[in-house]
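I opened my notebook today to look at how two chains meet and where a pocket sits. Here is the model, and my entries follow below it.

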Amino acid sequence: MSLLWDEWRKITQHGKAMLILSVAMIAQIVLPRLLPDLTELPYSDTLYRKFTAEYGGAYSAEISENINTHLQEIQTICAEYGSVQQAYLAGTLTLEQFKTATDAYGIAQAELSTMQYLSEKCAYLDGAEDFAKSIFYDTNIKRFLDDIGYPFLLVLALLCVIVPIFDREYRYGIHHLILATPYGHIPIALCKMMAAFFLAFGASLLFSGIQGVIYLIQVGAENLLQPLSNLMDYPGYGQTTVLHFYLTDALYKACCLGCGCLAVCIVTMLCRETTISLFFAAAVLMLPALSVDLFPQTLGRYLFCGMGLTEPYPANCNMRLLFVILLLKAAAYTIIGIRLWCRKR
Amino acid sequence: MKLECKGISKAYGKKQALAPLELTFTEGIYGLLGPNGAGKTTLMHLLVGLLAPDSGEILADGMEIGKLGATYRAKLGFLPQEPGFYPGFTGEEILRYFAKLKGIHQPQKKIATLLELVNLTDDRKKKVGQYSGGMKRRLGIATALLGDPALLILDEPTAGLDPKERMRFRNIIGQIGFGKIVILATHIVSDVECISDHCILLKEGHCIGADTADALKENIRGKVWNTPSDETEAERYVMEHACANLIKSDTTLMIRSVSDAPPFPHSVAAEPNLEDVYLYYFNQSGRDGESP
């Protein structure tokens with residue numbers, strides 16, 4: 001434990017590691033917000049908020065009927081507007097009547113896409129598996145979850161902090177001194193790898209935590225305990241609540257990143273040179289995440305893309321299998337790392 | 001403790017760094033002498049267990065050191081050629097860290113003694129990044145001495161130390177060397193001459209002599225010559241013979257040379273010292289490192 005604490009002190013005392021990580025986290029959170037939001041919603045968000053308040057609550061046949069009735073009314077107004085125009089041109093409608101019909105048509109046109117979306121949602125909920133179905137305003141939740149991507153800046157900062165854990169010893173030539181001590185072989189290698197894992201794990205969890213807190217401050221905790229499957233883009237999650245999903249995803253990503261950083265330690269010990277180590281470590285940590293689409297729904301996804309997916313974990317992801325694989329990978333990386341550290345040339 | 005090298009050899013690719021060596025170390029101070037590239041560091045790394053020999057084995061009290069593992073390393077103090085330390089740690093923290101790695105419980109007293117021994121007490125709270133080269137080396141020596149090791153392996157321990165620090169280091173080794181095996185590799189002959197009981201001469205990976213300093217000196221008795229000379233003659237002689245030292249005094253110039261036959265008719269046989277041994281065996285000036 002004491003050796004682990006010393007490793008932690010080495011990381012924090014050297015190279016302003018904490019500053020690098022903090023700056024990366026802030027940049028990772030702030031920079032995407034500076035970019036213009038190009039995502040187009042298929043409905044009006046203002047009206048969606050209004051209608052979800054109007055029709056919101058536990059989903060029932062009555063709600064579905066109300067929504068579909070409203071949609072039908074809108075569709076009827078839109079469909080009949082042509083004939084209304086014709087009637088006004090033919091002089092069978094007064095200006096007052098035409099104005100009223102035109103106003104109704106304008107409103108119907110504006111509401112159409114939103115009501116169609118709500119109707120689609122009803123159809124989705126009708127056909128979905130059994131869970132506590134509900135209609136509520138979910139645009140903010142969707143946007144928040146859509147923004148969860150691969151934290152490239154954080155990963156790059158982690159590389160700058162993790163690579164020196166072993167590289168520093170080779171660079172300073174202190175590894176000879178360490179290796180000549182009784183605890184300088186397995187215990188120290190184990191402590192270094194544990195420090196790498198926990199640093200990446202902790203940084204990833206902290207980052208997810210900060211993102212979550214920012215969301216709570218901006219939006220509040222409303223609807224976080226609703227089942228995620230109520231969101232049309234997230235089918236198949238059963239009773240898993242939005243909060244539970246986010247926490248699991250954060251844990252999953254932290255484990256993947258921690259495991260990836262163990263691989264980075266191996267790369268550093270193989271390269272024994274800072275620049276080359278950084279290059280290959282970046283490849284090891286990022287390539288699997290970038291090539292995630294090469295392994296759709298296969299064992300390869302679990303094996304090679306576990307180092308961090310570019311999107312939240314999929315509904316059909318077998319968490320037990322994934323964590324067992326991560327555990328096995330972490331154990332294998334640790335054993336390889338220890339052997340590399342202790343190897344005699 | 002007894003350390004035996006039984007036919008150990010090491011090659012880096014096609015380059016034979018160390019030819020099969022047979023050496024036995026018992027309690028005493030051993031000076032490993034040889035020019036750069038002689039295989040001193042390779043031998044040290046083999047003895048520490050950082051390198052695996054291509055052939056042969058190293059036995060500590062009859063047991064192969066690889067099999068002894070941590071038990072062997074617990075008896076070992078090692079100072080590598082260029083030890084680096086974490087710039088963010090203070091000298092005291094470095095010693096505390098290595099005390100942990102050596103499994104020393106409650107090392108405060110020992111650390112204080114060692115800091116005093118290497119004259120770093122006043123600088124113990126200073127970050128290592130602010131240390132001079134000599135201070136870092138002294139810290140390295142203190143690190144090697146942690147845990148009172150029975151086997152002390154020091155690779156170029158006095159490189160970068162000023163004469164006063166070197167003298168201090170020699171005294172330290174003289175004090176603590178009793179009952180231990182101390183192996184120090186250097187190409188500074190005077191260090192070995194002052195403190196070593198035994199000398200091992202390494203040349204191009206081969207052991208070309210291993211004996212006490214007196215015995216090695218005795219081997220070249222009658223081969224060391226002092227020749228009073230003038231500048232022109234000395235210059236010509238030095239150009240023709242690599243193996244020569246010039247000793248200047250206020251009025252005279254003396255050529256000190258090592259050869260089987262006297263170089264000049266008026267040459268006078270001189271009392272050999274270890275530097276002459278070095279010159280004789282390595283056929284080069286002994287002043288390629290620092291002056292003794």
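**Entry 1: the pocket.** I kept in mind from the start that this is a predicted model. I looked up the largest pocket and found that about 970 Å³ of space lies in it. Its lining has 39 residues, and the closest to the pocket centre are A:Arg143, A:Phe144, A:Asp146, A:Asp147 and A:Ile148.

**Entry 2: who lines the pocket.** Which helices of chain A each give at least two residues to this lining? I noted H2 (17-34), H6 (139-146), H9 (186-219) and H10 (242-271). H9(A) gives the most, with eight residues. I then sorted the lining by class and got 20 nonpolar, nine polar and 10 charged residues.

**Entry 3: where the chains touch.** Next I turned to chain A and chain B. The contact takes 26 residues from chain A and 30 residues from chain B. I read that the size of an interface is often given as the accessible area lost when the parts come together. For this pair of chains, the buried area is about 2500 Å², and carbon and sulfur atoms give 65% of that. Three residues stood out to me: A:Leu177, A:Pro182 and A:Lys344 supply 25% of the area that chain A buries against chain B, more than any other three residues.

**Entry 4: polar pairs across the interface.** How many residue pairs are in polar contact across the interface of chain A and chain B? I found 12, counting pairs with both residues at pLDDT 80 or more. On chain A, the elements giving two or more residues to the side that touches chain B are helices H1 (2-13), H7 (152-172) and H8 (175-179). The largest share, seven residues, comes from H1(A). By class, this side of chain A divides into 10 nonpolar, eight polar and eight charged residues.

**Entry 5: salt bridges.** Side chains of opposite charge can pair when their charged atoms come close. I found 24 salt bridges in the structure over all chains. A:Asp6 lies in helix H1 of chain A and B:Lys100 in helix H4 (residues 91-101) of chain B, so this pair joins two chains. Their closest N and O atoms are 2.6 Å apart, and the two residues form a salt bridge. Across the interface of chain A and chain B, I noted two salt bridges.

Notes. Residues are numbered from 1 along each chain as its sequence is written. Chains are lettered from A and ligands numbered from 1 in the order in which they are written. This is a predicted model: local features need pLDDT of at least 70, side-chain atom pairs count only at pLDDT 80 or more; totals for chains, interfaces and linings use all residues. Side-chain values use heavy atoms; hydrogens and water are left out. Contact means heavy atoms within 4.5 Å. Buried area is the accessible area (1.4 Å probe) that two parts lose on being put together, summed over both. A salt bridge is a side-chain nitrogen of Lys or Arg within 4 Å of a carboxyl oxygen of Asp or Glu. A polar contact is a pair of N or O atoms within 3.5 Å; within protein, one must be able to donate a hydrogen and the other to accept it, and residues adjacent in sequence count only if both atoms are side-chain atoms. Helices (H or I, at least four residues) and strands (E, at least two) are DSSP runs, numbered from the N terminus. Ala, Val, Leu, Ile, Met, Phe, Trp, Tyr, Cys and Pro count as nonpolar, Asp, Glu, Lys and Arg as charged, and the others, Gly among them, as polar. On a 1 Å grid over the protein atoms alone, a cavity is a set of points where a 1.4 Å probe fits but cannot get out, and a pocket is an open set with protein on both sides within 12 Å along at least five of seven lines; lining residues have an atom within 4 Å of a point. Grid points are joined across faces, edges and corners, and a volume is the space filled by probe spheres set on the points.
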